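Thanks for coming. Today I will talk through one protein with its ligand, so please look at the model first.

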Amino acid sequence: MRRIVLFGGTFDPPHVGHLLMAQLAFEQCDCDAVWVMPSPTPPHKADQPVTPYETRREMTQRLLKGAEGLVLCDVEARRHEPSYTVDTVRILQQAYPDTEFQFLIGSDSLRDLPSWHGCEELSRRIRFLVAARSEAPFRETYQMVRNVLPHLVAQALQMPMLDVSSSFIRERLNEGKPVCGLVPDDVLDVWRKHVEATR
Ligand code: ATP
């Protein structure tokens with residue numbers, strides 16, 4: 001049975017935290033690949049401006065370049081409806097019956113899982129691998145979410161806490177401040193080109 005870890009996100013912009021969690025998931029899950037899926041229309045970010053999909057896709061592609069086992073997957077962009085994770089997972093499981101999928105997620109997103117469209121079905125369909133963030137300690141968050149979604153199965157990713165987020169980076173970039181070490185330079189080039197083109 002092939003094993004694939006799915007890693008969905010907005011990646012606006014993608015950063016070192018995303019890269020580290022994907023790399024560690026690849027190593028720790030004994031899987032064939034991690035498929036990184038930028039969401040074309042992130043349902044939980046509908047109330048805020050999001051950088052166009054193509055720009056986030058290009059940045060994500062550059063972030064993953066040269067990293068073993070990490071592959072960009074644009075399955076969500078090929079659909080025309082909002083990209084609900086439950087639909088993506090169902091479609092992939094039907095398309096690849098010989099593959100066992102797991103879903104990589106940050107603990108802040110795990111905490112919000114009960115508000116996701118189709119969360120009950122999603123929790124029955126797939127196991128979660130969770131990277132802890134300081135605002136949502138793994139054990140407490142898992143217990144809390146399991147009270148609502150009793151079929152949820154999640155396991156902690158062994159990863160040092162890396163408190164970096166795309167919103168922190170966007171804030172600094174918008175203020176013209178450096179983001180050294182948080183986003184690789186060739187990823188930042190794509191971001192800067194997009195900002196110049198839309199100015
Ligand atoms: P934003 O600050 O805009 O919300 P983000 O940094 O959380 O962005 P997303 O693209 O929304 O980035 O994240 C995709 C997934 O990766 C989410 O499940 C999120 O919780 C997780 N994630 C992102 N950064 C980290 C990190 N530093 N540590 C653990 N999980 C993370």
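**Around the ligand**

Let me start with one contact: a backbone N or O atom of Gly106 lies 2.9 Å from an oxygen atom of the ligand. That is a polar contact, meaning a pair of N or O atoms within 3.5 Å. This is a predicted model, where local features need pLDDT of at least 70, side-chain atom pairs count only at pLDDT 80 or more, and totals for chains, interfaces and linings use all residues. Residues are numbered from 1 along each chain as its sequence is written, and side-chain values use heavy atoms, with hydrogens and water left out.

On to two further contacts. His15 places a polar side-chain atom 3.0 Å from an oxygen atom of the ligand. For Ser166, a polar backbone atom is 2.8 Å from a ligand oxygen.

How much of the ligand does the protein bury? Taken alone, the ligand exposes 600 Å², and 92% of that is buried by the protein. Those areas come from the Shrake-Rupley method with a 1.4 Å probe.

Now the shell. The ligand is surrounded by 23 residues, each with a heavy atom within 4 Å of it. Among the closest are Asp108, Arg133 and Leu162. By type, the shell divides into 9 nonpolar, 10 polar and 4 charged residues, with Gly counted as polar.

Last, confidence. The chain averages a pLDDT of 95, and 100% of the residues score at least 70; pLDDT is the predictor's confidence in each residue, from 0 to 100. For the complex, the predictor gives an ipTM of 0.98 and a pTM of 0.96.

Note on methods: Polar contact = N/O pair within 3.5 Å; in protein donor to acceptor, adjacent residues only side chain to side chain.
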